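Biologist: I've never read one of these models before. Could you walk me through it, one feature at a time?

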Amino acid sequence: MTPRKLPMRNILRHPGRTASLTVLVAFLALSLFSGSVIVMSLMSGLRSLENRLGADLIVVPATSRGKIDPEKIYLQGTTGYYYMSASKLDEVRAMEGVVQASGQVFLASLRADCCSMPIQVIGFDPATDFTIRPWIGERMKTDLGKMEVAAGSRVNAGVNETIRIYGQPCLVAARLDESGTGLDTAVYCTMETMAELLSAAREMNHELKIDGDPAGVVSAIYVKTHPGEADRLAGEIRQTRSPKVTVIQTRTVTSDVERSLGGVSHTIAVLIICVWLLDLVLLTAAFLLLGGERRREFAVLRSLGMSRRDLAYLALKEAALISFFGGMNGIFLGLLILLPFSGLIEQALGLPYLRPGWPTMLALCAASLAAVCAAGPGAALLSARKLSRADIGTIMREGT
Amino acid sequence: MELAACGLAKRFRRNTGDANFLEAVHPVDLTMHSGEMMVLTGRSGSGKTTLLTMLAGLLPPSDGTAALDGKDLYSLSDAGLSRMRARHFAVIPQGASAVTSMTVMENILFPASLAGKDPPVRQAETLMERLGILKLRNVWPGELSGGELRRMSIVRALAAGPDFVFADEPTADLDDGNTALTLGILKETALEGSAVFVVTHDREAAAYADVLLRMDAGKLYKI
């Protein structure tokens with residue numbers, strides 16, 4: 001046995017003491033790591049939502065508000081369908097200040113073979129679309145063909161599988177990257193495929209409330225405006241009639257989300273600080289109490305020839321090792337909670353949630369571990385100082 | 001080698017009614033020489049252990065010096081004094097003194113590793129054999145009786161062949177047979193060249209002493 005090996009031996013030979021300190025440190029790591037991952041996931045989700053929305057304005061029929069909140073489709077993946085004449089698209093496109101405008105058609109499937117719950121089908125026009133094509137382009141080089149769909153990351157269907165929507169077989173040509181928004185629960189197809197699906201839905205007596213040709217409708221118009229024109233155009237579009245429309249300014253959606261995210265992040269930050277303060281106080285108290293119990297042991301080591309510095313090193317190395325083990329356990333527990341239950345966390349928060357990639361996750365693990373490995377010995381400093389500076393002569397005279 | 005105490009005294013802060021301190025050890029002049037066994041007796045609370053711990057470099061005195069070959073122990077830095085203790089001194093303290101996370105043999109060999117010496121395995125085994133604890137070499141201290149722990153700390157102090165041995169009640173937990181054996185081993189250690197300082201209540205110890213001392217109310221008397 002050498003002085004260098006003694007800290008590890010002390011840890012292993014006192015499992016009760018080690019376990020209780022490890023649990024305290026694990027809580028530190030768990031709170032810091034989990035809180036950081038959740039906040040980063042929310043921030044990634046917001047960025048992803050901004051990228052995926054892609055437009056400055058979204059125009060939907062005014063009646064859709066009563067049926068379903070369109071914002072929920074983007075944030076939570078709630079299914080919905082509502083229609084207006086495609087002539088509205090031409091009207092908007094012709095307005096001054098519009099850079100691009102493209103229509104999308106929504107259809108909520110009753111029960112797709114792929115899913116246990118209704119999914120949103122979104123049809124887009126490849127010729128004019130500027131929001132969905134770039135996303136699909138990350139996964140497939142060519143455009144979607146007829147009766148082909150691109151599935152969101154949370155749709156339970158693999159590439160080259162066939163799913164049935166209103167009885168129509170649709171080939172899954174691509175699976176899209178996760179966006180952390182409600183858009184992950186939708187499947188995407190061209191307008192040509194959507195017209196087939198709308199006809200099939202109508203044949204199956206699904207009440208679509210479409211007058212006339214299903215190919216002549218849109219559910220939403222995505223509008224990109226010249227810089228600074230969004231507010232004016234939104235007002236102008238709102239004033240148009242037949243049909244009456246609602247204009248969603250995506251900046252409003254994202255700033256609402258940003259505001260909620262700010263609130264959640266603030267709450268999480270306060271919780272992390274509270275847990276850390278409480279835990280550090282407990283950890284310091286625990287090290288001090290243990291230090292009291294170990295006075296005699298340290299006095300014996302001093303009498304054998306260990307210096308104050310050696311004893312401080314011994315106490316701090318034990319604390320560092322315990323912090324390392326506790327930190328690893330806390331982070332592992334955090335991963336066990338965060339990885340399988342990210343869907344539940346997203347549902348509970350009601351905000352876009354996109355878990356960071358593995359390089360960022362590993363960096364967060366390392367940073368959390370480094371923080372607790374500094375906090376543990378920090379909490380043990382007072383105890384180490386007291387133990388190393390204790391009057392050994394007096395302790396030895398106590399005899400027991 | 002010699003360890004010389006000059007005017008070595010210790011006062012403790014304590015409200016005793018008539019004073020704010022207790023004069024635990026009045027100024028002491030004493031020299032320990034290699035090859036000599038000193039035995040210090042006296043009543044409980046007379047200051048024996050305080051004197052021993054000051055001589056062993058464990059308790060800074062209130063006054064005076066304790067010098068090893070002319071170098072005052074308490075003028076050294078903590079690291080310097082610790083190094084000196086590890087290389088030259090060995091202490092057999094009162095009561096429990098085992099490091100509980102080491103086995104008996106690891107406890108015994110640990111001081112040598114602190115002093116940067118080779119582990120004195122053979123010497124340790126010989127002493128353990130003589131004191132009847134060889135079979136306990138791989139046992140944890142928590143499994144030992146008081147007498148076995150005491151014998152372990154005696155072997156730990158003597159195995160590496162220290163220049164100075166400070167033994168505080170080394171026979172306290174031992175039966176008559178082991179008491180005689182221990183005192184005999186301490187005497188042999190002195191004859192082999194170490195300076196041995198024994199604090200004891202044991203009357204038998206006087207027979208082994210080259211110098212016999214008595215302490216009374218903090219004052220040291222040579223008998």
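**Where two chains meet**

Modeller: Start with one pair: A:Arg302 and B:Asp78 join their side chains in a salt bridge, at 2.8 Å from N to O. A salt bridge here is a side-chain nitrogen of Lys or Arg within 4 Å of a carboxyl oxygen of Asp or Glu. Keep in mind that this is a predicted model, where local features need pLDDT of at least 70 and side-chain atom pairs pLDDT 80 or more, while totals for chains, interfaces and linings use all residues. Residues are numbered from 1 along each chain as written, chains are lettered from A in the order written, and side-chain values use heavy atoms, without hydrogens and water.

Biologist: How many salt bridges does the rule find across the interface of chain B and chain A?

Modeller: Two across that interface, and 17 over all chains. One of the 17 pairs A:Asp184 with A:Arg154, at 3.6 Å from N to O. A:Asp184 sits in the loop between β7 (168-175) and β8 (186-190) of chain A and A:Arg154 in the loop between β5 (148-151) and β6 (162-165), so the pair ties together parts 30 residues apart in sequence. Strands are DSSP runs of E, at least two residues, and helices are runs of H or I, at least four, numbered from the N terminus.

Biologist: And how do I read the size of an interface?

Modeller: People often give it as the accessible area lost when the parts come together. Here, chain B and chain A bury about 2,500 Å² between them, with 61% of that on carbon and sulfur atoms; the area is found with a 1.4 Å probe and summed over both parts.

Biologist: How many residues does each chain bring to the contact?

Modeller: Chain B brings 29 residues and chain A 27, where contact means heavy atoms within 4.5 Å.

Note on methods
Buried area is the accessible area (1.4 Å probe) that two parts lose on being put together, summed over both.
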